[in-house]
Amino acid sequence: MKHIVSFVIACLICIAYPATTIAQENYQIPEEMPINNGELDWWTYNDKFGEIKLEKKELIIKSKKGKKWGLEQPGAMTYAKVPINMDGDFYISITFKKPSKIDEDYNFGFIFDVTNENFFQTILFNKDFSYYANERAKYKYIKKGKDLWTVAIERRNGGDYIVTLNGLEIRTIPSTFKFSSPSVGIYVKNKCEVKATHVAYIQWAAAPESNE
């Protein structure tokens, strides 16, 4: 009799337990893929401001200009579109080797929501802080492999967008933010060089249907 009662209670708990919470438990971060996986179309170029090269095992992005008379010069950026509906639940990340230099001036960043080479969102980094939308927040770096950085943005259960560095949350973007273009990339400036090695992305759940 005790076994029957326990079974009934367990069933009631499963029914009462929110479906969104169960879904969250099933959200698994996908395995990383090589940056040059043949699925993404990376923007490459070589001009007076920067150079982007896609090689067999890495994507190299380098800015050629440093400060001039104390003024910032244009940097370099590259990105690729990803097959994700960002109104739903998802995970997107890019992994790169420790930048050639990290100083008091932010000089590299994680790119997302790219409309074109002039309009995009960036989480910028210097040696102590990350910057987004004119706000800064101190971040902690948890060592991964050979000084690898994995910067990711994810959304679970239709909530806020969470930005992480090597799995540790570094800032939150409100759920009210509206994405115009699902994409991922890297930005550098001040003669910084970054070598990206892997990407990961997955659609965890479809976007809710519009009531309009």
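A charge is taken to sit over an aromatic ring if NZ of Lys or CZ of Arg is within 6 Å of the ring centre and within 35 degrees of the ring normal. In this predicted model, R136 meets that description, lying over the face of F129 at 3.9 Å from the ring centre. The ring of F129 also has the charged end of K138 over it, 5.2 Å from its centre.

**Charged pairs**

Side chains of opposite charge can pair when their charged atoms come close. The structure has 5 salt bridges, and the table lists some of them.

| Acidic residue | Basic residue | N to O distance |
|---|---|---|
| E58 | K97 | 3.3 Å |
| D128 | K138 | 3.9 Å |
| E154 | R156 | 2.6 Å |

The salt bridge between E58 and K97 links distant parts of the chain, the two residues being 39 residues apart. E58 belongs to the loop between β3 (50-54) and β4 (59-63), whereas K97 is in strand β6 (residues 89-97). E58 is classed as buried because its relative accessibility, 13%, is under the 20% cut-off. K97, with a relative accessible area of 36%, is partly exposed.

K138 takes part in two of the contacts described here: its charged end sits over the ring of F129, and its side chain forms a salt bridge with D128. D128 lies in the loop between β8 (119-125) and β9 (129-132) and K138 in strand β10 (residues 135-138), so this salt bridge ties together parts that are 10 residues apart in sequence. D128 has a relative accessible area of 29% and is partly exposed. K138, at 58% relative accessibility, counts as exposed because the cut-off for that class is over 50%.

In the salt bridge between E154 and R156, N and O are 2.6 Å apart. E154 is buried, with a relative accessible area of 10%, while R156 counts as partly exposed at 23% relative accessibility.

**Aromatic contacts**

A pair of aromatic rings is described by the distance of the centres and the angle of the planes. The structure holds 20 aromatic pairs. One aromatic cluster is formed by F90, F110, F112, Y132, Y161, F177 and F179.

**Summary of the charged residues**

Both E58 and E154 are buried acidic partners, and each is joined to a partly exposed basic residue, namely K97 and R156 respectively. In the remaining tabulated salt bridge, the acidic partner D128 is partly exposed and the basic partner K138 is exposed.

Terms used:
Residues are numbered from 1 along each chain as its sequence is written. This is a predicted model: local features need pLDDT of at least 70, side-chain atom pairs count only at pLDDT 80 or more; totals for chains, interfaces and linings use all residues. Side-chain values use heavy atoms; hydrogens and water are left out. A salt bridge is a side-chain nitrogen of Lys or Arg within 4 Å of a carboxyl oxygen of Asp or Glu. Helices (H or I, at least four residues) and strands (E, at least two) are DSSP runs, numbered from the N terminus. Buried means under 20% relative accessible area, exposed over 50%, partly exposed in between (1.4 Å probe, protein chains only). Rings of Phe, Tyr and Trp (its six-membered ring) pair if their centres lie within 6.5 Å; planes under 30 degrees apart count as stacked, over 60 as edge-to-face and the rest as tilted.
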